[in-house]
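Trainee: Could you take me slowly through one part of this model, explaining each term as you go?

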Amino acid sequence: MASTAEAAVATWAVETLQSLPMPVTVRSFAKINLGLRIGAAREDGFHELLTVYQTIGLHDVIRVSVGRGAGIEIRCADPRVPRDESNTCFRIVEKALRVLQAKSRVIVEIEKRLPVQGGLGGASANAVAALLGLERALKKKLPATDRLRIAAEVGSDLPLFLVGGTVLGVGRGEQVFPLQDLPALACVVVTPEVGVSTPKAFAEWDRRMAGASLCLEEQAELRSAGQPRTAVPTRGGMPPAKKPAQLRPHTSHDRIIELGRGLSAWLSETYSSAPSDLLAGRGRAENPLLWLVRAGIENDFEQVVFPEYPELSEGKRALERAGAVYASLSGSGSTLYGLFRSRAEAAKAAGRLRREGWAALASVTLTRRAYWKKFLVSSF
């Protein structure tokens, strides 16, 4: 029979364990961009964007625990992940605690599996996962409007992770609208070991668009003066015969409309004329891909990122050689992805790419239902 001292120790141990914060564990899924069009620069310093976000199965793991005291602690084994106020998880938890009027010590542990600053929205997804994990840990719930507002304040692509599946993004990307989900599509994600600065990519885009606009003005002046077009001088570091053609120098508004029409044609054909085909075997995965290709959906960042980082352009070609029906840069990069007709083809392609020296992973796109079904790992 246990002594009085042993019983006291046992009671203390149980009480101590019960007082320790129990984590809520959630998956933090990545996204890819199915087309991205850069519009005009805004007064707030951002650009107008139009894109279709698509969540995929690759993910980080986030654990959130709350306890007595105050303060926010970020834990992560990856040295590239900040642990101070600059971390998106820190910022969103701080805002949420204020709105919820909650006083607790919050610990957010980030288990990184996604590339850092890779164009898959990893940091943004981490923040949304931390927010939802915090709500469960506190047993308090934010109104949906507050949740979306807080997410948009922290980052442009955070709100999409509060929707999941296939999502239309407009404005600076923070205005999100759920679209009818595409069927699950096999994909391969390639993560080259280069870092792309999104602000620098935007700045280069603006510089090139300004140069293309100047070339057009000069061409118009020369034509009105009766001079041949070949006499156009080089301005802004851009050869007049090649770069303007690549940039399709319309106005920013025209560019947004152009992609909008392409997306509308792709999505309307997928959802209106496809149901009978989508129910039949291979067509379920094949038809949306073929329509995506025919619609000419592109990512504008490729035009400024590929010349700066030729290995990214080669990565896209490698995906296409491996059998991708559609391949693209995700966001501003550096991650690339390819969509395939089947999971077997994607797995085979990933193996081939790894043998060629690429860091490649096979995955699948997530419908909205699958996204939320797989989101929560554990809760107490």
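**A close look at helix packing and the core**

Mentor: Arg208 has its place in helix 5 (residues 198-224), where helices (H or I, at least four residues) and strands (E, at least two) are DSSP runs numbered from the N terminus. This is a predicted model, in which local features need pLDDT of at least 70, side-chain atom pairs count only at pLDDT 80 or more, and totals for chains, interfaces and linings use all residues. Residues are numbered from 1 along each chain as its sequence is written, and side-chain values use heavy atoms, with hydrogens and water left out.

Arg208 is buried, with a relative accessible area of 11%; buried means under 20%, exposed over 50%, and partly exposed in between, for a 1.4 Å probe and protein chains only. The C-alpha atoms of Arg208 and Gln303 are separated by 9.5 Å, although these residues are 95 apart along the chain.

Now turn to helix 2 (residues 88-100) and helix 3 (residues 122-138), which pack at an angle of about 35 degrees with their axes 8 Å apart. Such axes are lines fitted to C-alpha atoms, for helices over the stretch in contact, and the angles run from 0 to 180 degrees between N-to-C directions. Among the residues that meet, helix 2 offers Ile92, Val93 and Leu97, and helix 3 offers Ala127, Ala130 and Leu134, contact meaning heavy atoms within 4.5 Å. By class, this contact of helix 2 with helix 3 has twelve nonpolar, three polar and no charged residues; here Ala, Val, Leu, Ile, Met, Phe, Trp, Tyr, Cys and Pro count as nonpolar, Asp, Glu, Lys and Arg as charged, and the others, Gly among them, as polar.

Val93 and Leu134 also appear, with Val108, as the residues with the most contacts inside the largest nonpolar core, which has 46 residues. A nonpolar core is a set of buried Ala, Val, Leu, Ile, Met, Phe, Trp, Tyr and Cys residues joined through side-chain atoms within 4.5 Å. Helix 3 gives the most to this core, with ten residues. Leaving aside neighbours within four places in sequence, Val93 is in contact with Ile72, Val106, Val108, Ala130 and Leu134.

Two loop residues complete the picture. Gln101, in the loop between helix 2 and strand 4, has a positive phi of about 55 degrees although it is not a glycine, and Gln101 is exposed, with a relative accessible area of 71%. Lys139, found in the loop between helix 3 and helix 4, has a positive phi of about 60 degrees, again without being a glycine, and Lys139 is exposed at 63%.
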